[in-house]
Amino acid sequence: MQTAPLAQPLELTTMRFIHAADLHVDSPLRGLDRYDGAPVERIRGATRQALENLVELAIQEDVDFVLLAGDIYDGEWQDFHTGQFFRGQMVRLGRAGVRVFIVQGNHDAQSVITRRLIPPDNVKIFSSRAAETTCIENLGVAIHGKSFPNRAVDEDFVPEYPEPVAGMFNIGLLHTSLNGRAGHDPYAPTTVDMLESKGYDYWALGHVHAREVVSEIPRIVYPGNLQGRHANETGPKGCELVSVDGSNVASEFVALDVVRWSQVQIDIAGEERLEAVGAAFRHAIEQIISAAPDQLHATRVTLVGATVLQDLESRMPGTLAAAVQAAAQDLGDADVWIEQVKVRTSAPVDRGAQAEREDAIGELVRLVDAICTDEAELSRFASGELGKLLAELPAEVGQEDLPGLADVEGLRALFLDAEATVLARLLSTRAPE
Ligand SMILES: [Mn+2]
């Protein structure tokens, strides 16, 4: 739980609310059927179950209201079922006395969803024509928002958002890419400065699928999406549970996902037996499972390393992937689905023999040998450009992520590692995937 003081302390306000975004209910899972044994129905239903979990959390925690910052739907509904399911969940909230405030995002913009359903009375969807404000007098909260009229919104909505209501807790509900976020379309762009200058107390953002606390004062948060939808949306997904007690705003992340995506790289360098592949996989997956024992784990496995098993794989492609799948079948009660096995292994290379060659390969091996046996040269690398680069990296990049850049021994290992990668490519007789 992180707590921060408000810019202007409010005396009477006490409330709790949930902030979620990017539900993408019934988002299609493309290519899912291609995989044998895929728990298709469980994965297909995951976005709906995560929404049910959100509703249960809201009722259990007895929150005052729920904010949904856009992309509730992935796009136009196939039929009315998607909208009716969502509406049914909103009705559950309404019966529990929970109000819901929604802005539409690029995926569920006014013009994108053409089927119409009248929302229940406890749900307020902000207009896409102009930014507007709803006040809840008894809570002392003012919620400001504007929906996307169309999928592509190029302008900054924030200048148009109303002035904060004096003496109230002011919340801005906004679907935005801010000043750009990798992998996300630059819609309704704005800046942190712009958000701060508005004088609100909390900015409930949506659009970016990775959770991010953008700022503490005022608190500006992307909760991330409610449920990961593919192997690039890894880790816990859920919502922000926010408490306001007059002088403090505190919020914590609560996981609501039912399918947990992960990617794991398994190094099988030097392994000679297929059994070892299964054992290495078990070791990796046990850590993933123990971190979240109640989830269905959808995992992408990448096998790397120079191994004689590559020979087997070359003669019968699919052997290594099948070894991983077999090990997953043996896991018993654990819910694990291997989404994909990427084989990036290589054949072991006889460096001595390669160094004798009179071609680019021989030249590469001799060059790496020359550098690795030259202490002075390695020291120059460590203290020169690489050392400088290391010093300039942002603090979030842990030094443990960059092993050995600053010392001779580490550099030697890195050079040999890089050589092995290049040699594997040069010597590979496999067709590229
Ligand atoms: Mn979006």
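This dialogue walks through a few strands and one charged patch of a predicted model.

Trainee: What should I know about the model and its numbering?

Mentor: Residues are numbered from 1 along each chain as its sequence is written, and in this predicted model local features need pLDDT of at least 70, side-chain atom pairs count only at pLDDT 80 or more, and totals for chains, interfaces and linings use all residues. Side-chain values use heavy atoms, with hydrogens and water left out.

Trainee: Which residues of strand β3 are buried on one side and which on the other?

Mentor: In a regular strand the side chains alternate between the two faces of the sheet. In β3 (residues 65-68; strands are DSSP E runs of at least two residues, numbered from the N terminus), F65 and L67 on one side and V66 and L68 on the other are all buried, where buried means under 20% relative accessible area with a 1.4 Å probe, protein chains only.

Trainee: How many bridges join β3 to strand β2, and how many join β3 to β4?

Mentor: Two strands pair if DSSP finds at least two bridges between them. Here 4 bridges join β2 (residues 15-20) to β3 in parallel, with L68 as the partner of A20, and 4 bridges join β3 to β4 (residues 99-102), also running parallel, with V100 as the partner of V66.

Trainee: In which sense does β7 run against β6, and in which sense does it pair with β8?

Mentor: β6 (residues 132-136) and β7 (residues 141-145) run antiparallel over 5 bridges, and C135 is partnered by A142, whereas β7 and β8 (residues 169-175) pair in the parallel sense over 5 bridges, where A142 stands opposite N170.

How values were computed. Buried means under 20% relative accessible area, exposed over 50%, partly exposed in between (1.4 Å probe, protein chains only).
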